[in-house]
Amino acid sequence: MRKPLIAGNWKMFLTVEEAQALAKSLCDSDIDYSKCDVLLAPSFTNIYAVHNVVKAAGKPIKVAAQNVYTEDSGAFTGEVSLPMVKSAGADSVILGHSERRNVFGETDEFINAKVHKVLKAGMSVILCVGELLEERESGNANSVVVSQLTKGLANVASLSDIVIAYEPVWAIGTGKTASPADAQAMHKVIRTSIEKLYGKAAASEVRILYGGSVKPDNVTSLMAEDDIDGALVGGASLKAVDFLKIINY
Ligand code: PEP
């Protein structure tokens, strides 16, 4: 049985004070953590503050970085390394988010190098995959997603510290959500690919999140699908009331 995971991607939003206040609101609220894992991905500058709020409240909320660089240290102005995010309190990293792929030009090979880096440090990865609108419209959505998945996981021996997030790019921040049936169909494609690569047991255990304009009013129908094990939530994770409704779906 896969435990649902609801993850909030705070993107490049919130000052330290705002992030602390949002984390505190979530910590002060009733969440049944036995039914659902919760993860917050603040910006680099807010990881430490959010980690401390969660720690002080004694809540089992995980904190993730939204990205990381491949080197531990060095002359890489503007980059942030894995030892840095780890010491700030992150225990996982989102990799391959469509904004990293499409705005910053990250390739599958670069993402795969980071996947190895994070796993080697004993941390977890949320690996994002998803097709552009034109790739869906031209009938290539499945092959694009399977290619991103296969290349992102190249030479990864075990999926025990990996969560996959399917995020159709046309649904991110646009208010358009994939229908539950379309999302389920792609999640099934992903799980079947994983079965081919890692076997039946790994495929039945790996969590596959859906992301793309998840809101309080569509989360229940998405989560009702067999292969949707949680949500990666952007915009709606920035308001405690909405994110709590999603967590408590
Ligand atoms: C995201 O940032 O991963 C995301 C899915 O954003 P939104 O929920 O705003 O579409």
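## A predicted fold wrapped around its ligand

Of the contacts in the protein chain with a separation of 6 or more, 73% are between residues 24 or more positions apart. This is a predicted model, and its protein chain has 11 helices and eight strands. Buried residues account for 51% of the 249 residues in the chain. The ligand has 14 residues around it, and the protein covers 98% of the 290 Å² of accessible area that the ligand has on its own. Here is a short tour, from the whole chain down to single residues.

**Overall shape and surface**

- The radius of gyration of the protein chain is 17 Å, which agrees with the value near 18 Å for a compact globule of 249 residues.
- Taken along the principal axes, the box filled by the C-alpha atoms is roughly 45 × 45 × 35 Å.
- About 11,300 Å² of the protein chain is exposed, and carbon and sulfur atoms supply 54% of that area.

**The ligand and its shell**

- Which residues are the closest to the ligand? They are Lys11, His97, Glu167, Gly173 and Ser213, out of the 14 that surround the ligand.
- Sorted by class, this shell holds eight polar, four nonpolar and two charged residues.
- The side chain of His97 places an N or O atom 2.8 Å from an oxygen atom of the ligand.
- Asn9 has a polar side-chain atom 3.0 Å from an oxygen atom of the ligand.
- Gly235 takes part through its backbone, where an N or O atom lies 2.8 Å from an oxygen atom of the ligand.
- With these atoms in place, it is worth recalling the cover: the protein hides 98% of the 290 Å² that the ligand has accessible on its own.

**Two residues of the shell with positive phi**

- As a reminder, most residues other than glycine have a negative phi.
- Lys11, one of the closest residues to the ligand, has a phi near 45°, a positive value in a residue other than glycine.
- Lys11 sits in the loop between S1 and H1; its relative accessible area is 15%, so Lys11 counts as buried, the cut-off being under 20%.
- Ser213, also among the closest residues to the ligand, has a positive phi too, near 55°.
- The loop between strand S7 (208–211) and H10 holds Ser213, and this residue is buried at a relative accessible area of 9%.

**Helix H11 and what it packs against**

- How many of the eight residues of helix H11 are buried? Six of them are, so the helix, which spans residues 240–247, is mostly covered.
- Those buried residues are Ala240, Asp242, Phe243, Leu244, Ile246 and Ile247.
- Their packing partners include three strands of the fold, namely S1 (5–9), S2 (37–41) and S8 (230–233).
- The buried residues of H11 also pack against helix H1 (16–28) and helix H10 (219–223).

**Ser92, within a strand**

- Ser92 belongs to strand S4, which covers residues 92–95.
- Is Ser92 buried or exposed? Ser92 is buried, with a relative accessible area of 4%.
- Leaving out residues up to four places away in sequence, Ser92 touches Leu39, Val63, Ala64, Ala65, Met123 and Ser124.

**Two partly exposed residues**

- Lys3 lies in the segment before S1 and is partly exposed, with a relative accessible area of 30%.
- Beyond its neighbours within four places in sequence, Lys3 is in contact with Tyr33, Ser34, Lys35, Cys36, Asp37, Arg207 and Asp229.
- Lys3 and Asn248 are 245 residues apart in sequence, with their C-alpha atoms 14 Å apart in space.
- Asp161 is found in the loop between helix H7 (141–152) and strand S6 (162–166), and Asp161 is partly exposed, with a relative accessible area of 33%.
- Not counting residues up to four places away in sequence, Asp161 touches Leu119, Met123, Ser124 and Val125.
- Asp161 and Asn52 are separated by 109 residues in sequence and by 23 Å in space, C-alpha to C-alpha.
- Met123 and Ser124 are contacts of Asp161, and they are contacts of Ser92 as well.

Methods
Residues numbered from 1 in each chain as written. Predicted model: local features only at pLDDT ≥ 70, side-chain atom pairs only at ≥ 80, totals over all residues. Heavy atoms only, no water. Near = heavy atom within 4 Å. Polar contact = N/O pair within 3.5 Å; in protein donor to acceptor, adjacent residues only side chain to side chain. Areas by Shrake-Rupley, 256 points an atom, 1.4 Å probe, with all protein chains shown as cover. Nonpolar A, V, L, I, M, F, W, Y, C, P; charged D, E, K, R; others polar. Buried < 20%, exposed > 50% of the residue type's maximum accessible area, 1.4 Å probe, protein only. Helix = DSSP H or I, 4+ residues; strand = E, 2+ residues; numbered from the N terminus. Contact = heavy atoms within 4.5 Å. Rg over C-alpha atoms; globule rule 2.2 N^0.38 Å.
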